[in-house]
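Hi everyone, thanks for coming. Could you pull the structure up on your screens so we can walk through it together?

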Amino acid sequence: MMRLSFAKRVRRLGWLGPMALLAIAGCKDKAGKDTPKEAPSSAPSSAPSAGADTPATPSAEPAPPAPTAEPVCKVDAQKVWTKGINATTGITQVSLPGGQAALGFAIGNTPYVLTVSPGGTGKMAKVTVDPGSAFAKAPKPSEGVRIVWRVTPVKIEGTTVRAFVDFRDELKTTAAAGKPEVTKTRKVVCGPVDRAETWVSWEGPAYLDEPKHAKDPLAALKGAEILKAGAQYKEVRDCRSFYDAAHDDEWIVGSELVVEGDGAKAAANLFVEQGKGGARAAATSMPVTTAPFKLAGYDIPVSHELSDTSFLVAARTPGKLVALIVGHDKKPIGGITQYSGTFQMPDLAQDGKDDVLSTAVATSKDGLALRALRIPGDTHAMPAAFTPVLTDEDESKTEGRPEFLRDAKGQRWLAYIEDAEKGKGHLEIVPVTAGFRASGKPHAVTTNEERATESRLFAKSGGGFIVAYLRDAGAAGLELVTEDLTCEVK
């Protein structure tokens with residue numbers, strides 16, 4: 001077993017208390033939803049899937065010698081930008097037109113964009129919100145609550161800061177006389193906020209989420225005359241907006257529940273919708289049990305452009321992670337690959353001509369383990385299984401929220417949160433090989449009592465990189481921090 005660094009030994013001695021998972025397995029995920037504990041594996045399901053006969057790559061890579069030295073990392077600059085970051089919204093990384101790196105986040109429910117530059121010389125600005133947009137009409141505390149899922153930077157044009165903001169409003173309500181009781185209306189919106197238009201939007205009484213109708217919400221929908229014979233009932237449950245600066249392309253990936261007629265048949269669709277007025281295409285679908293009713297859908301979808309301008313789309317479902325390739329027209333190419341397990345939200349990144357999907361999976365020992373897969377640039381065939389990420393051999397029970405980066409010199413890095421308790425842990429960055437094995441000791445970004453929740457990595461053109469992360473600031477909530485790092489692997 002590898003020897004622990006002095007910093008790690010100090011942390012181990014100082015850590016007490018029960019272990020909790022990051023964002024899954026009994027805790028709240030980024031959208032504030034409970035996710036079930038399961039005993040997972042990272043192998044694909046037996047359902048037909050694209051790339052099911054493709055071996056995980058690169059599987060034949062020999063194990064590197066055990067790292068014996070810490071990577072020499074120099075902190076060139078550090079800056080604390082602001083406090084009170086919305087933990088549910090988190091931080092979203094985007095490359096703006098011209099290659100400028102940017103982060104989207106929210107302070108409370110107010111969306112912001114930070115342009116990230118070396119030396120902490122970026123700029124933070126409020127997102128421009130059109131008074132006529134759906135986002136501008138926020139509920140008052142007496143009326144309900146707003147949950148901001150995601151802020152995606154798009155463009156900065158003078159004083160106009162464009163971004164997509166995906167959110168859900170839960171508004172207090174009462175049913176009309178003679179209708180089944182319901183206590184709130186659910187409103188889901190994804191798309192731009194700098195103009196008075198909506199892309200994906202749904203609003204209606206939240207019978208599916210009403211505790212009083214938990215055993216049979218479809219009966220309540222029928223009693224409210226929302227389910228009708230010969231008609232379809234559609235309800236958007238989740239959605240996320242995406243922007244590709246290289247092609248000025250905008251699209252949304254979401255999850256929609258569809259109930260046929262009087263409720264005898266239902267399905268959950270993972271859909272892709274291309275910009276304003278774009279056609280909504282179902283990328284994949286799964287049946288939903290109606291007797292008894294068991295709500296299911298696609299949770300926290302992600303998307304990433306591949307080298308040939310096609311897109312990888314992935315989302316979590318109960319006990320699975322599903323992934324598929326869609327063309328630039330957002331229509332599916334080939335089949336869908338399913339990986340069994342309870343996963344965190346995956347990270348998608350480019351690695352030369354290939355692409356990498358990294359995530360964490362709940363383990364049978366009530367912990368988290370890092371997993372990754374490489375999508376070859378020449379075929380884009382989905383691997384059959386995830387590859388375990390080997391960081392270091394210590395006593396850490398959880399390693400989660402991975403972020404992959406290949407820097408300007410070709411060195412691969414993986415940032416992750418370890419020793420997590422209630423979603424907060426130590427942020428470390430480790431150099432890795434193409435086969436996701438550590439090629440050096442991890443560098444501790446946070447030390448001693450510092451705790452982080454998530455991070456993003458930005459490569460600098462001359463070498464080195466910037467790490468942006470959310471750090472626990474006690475009573476002030478989460479603070480947004482950036483650090484310029486120059487690291488040498490010995």
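**Salt bridges and a small sheet**

Okay, let's start with one pair: R146 and D169, whose side chains form a salt bridge, with N and O 2.8 Å apart. This is a predicted model, by the way, so please keep that in mind throughout. Why does this pair tie together separate parts of the chain? R146 belongs to strand β6, residues 144-157, while D169 belongs to strand β7, residues 160-172, so the bridge joins parts 23 residues apart in sequence. And are these two buried or exposed? Both R146 and D169 are buried.

In general, side chains of opposite charge can pair when their charged atoms come close. Across the whole structure, a search turns up 32 salt bridges. Some link up further: R162, D194, R195, E197 and E250 are joined in a network of them.

While we're at strand β7, have a look at L171, which is also found there. L171 has 22% relative accessibility, so it counts as partly exposed. What does L171 touch, if we skip residues up to four places away in sequence? The list includes P139, E143, G144 and T183, plus K184, T185 and E203. You can also check the C-alpha atoms of L171 and R186: they are separated by 6.6 Å, and the two residues are 15 apart along the chain.

Now let's move along to a sheet. It's an open one with four strands, in the order β18-β19-β20-β21, and the pairing is antiparallel. Which strands stand at the edges? Those are β18, residues 347-351, and β21, residues 387-388; each has a single partner strand, so one side of each has no neighbour in the sheet. Strand β20, residues 368-375, pairs with β21 over two bridges, in the antiparallel sense. If you want to find a bridge by eye, go to R371, whose bridge partner in β21 is P388.

Salt bridges show up around this sheet too. Take R412 and D351, where the closest N and O atoms are 2.7 Å apart. R412 sits in strand β23, residues 412-421, and D351 in strand β18, so this pair ties together parts that are 61 residues apart in sequence. Both R412 and D351 are buried.

Then there's D354 with R374, another salt bridge, at 3.4 Å from N to O. D354 is in strand β19, residues 354-362, and R374 is in strand β20, so we have distant parts of the chain linked, 20 residues apart. Why do we call D354 buried? The cut-off is under 20% relative accessible area, and D354 comes in at 13%. R374 is buried as well, with a relative accessible area of 6%.

Let's zoom out to the chain. How many helices and strands does the secondary structure come to? There are two helices and 28 strands. The chain has 490 residues, and buried ones make up 58% of them. If you take contacts between residues at least 6 apart in sequence, 56% join residues at least 24 apart. The chain exposes about 20,000 Å², with carbon and sulfur atoms supplying 53% of that.

Last thing, confidence. The mean pLDDT of the chain is 86, and 86% of the residues reach 70 or more. Over residues 1-60, though, the pLDDT is below 50, and this stretch has 172 contacts in the model beyond near neighbours in sequence.

That's it from me, thanks!

Methods: Residues are numbered from 1 along each chain as its sequence is written. This is a predicted model: local features need pLDDT of at least 70, side-chain atom pairs count only at pLDDT 80 or more; totals for chains, interfaces and linings use all residues. Side-chain values use heavy atoms; hydrogens and water are left out. Two strands pair if DSSP finds at least two bridges between them. A salt bridge is a side-chain nitrogen of Lys or Arg within 4 Å of a carboxyl oxygen of Asp or Glu. Buried means under 20% relative accessible area, exposed over 50%, partly exposed in between (1.4 Å probe, protein chains only). Contact means heavy atoms within 4.5 Å. pLDDT is the predictor's confidence in each residue, from 0 to 100. Accessible areas come from the Shrake-Rupley method with a 1.4 Å probe; for residues, only the protein chains shown count as cover.
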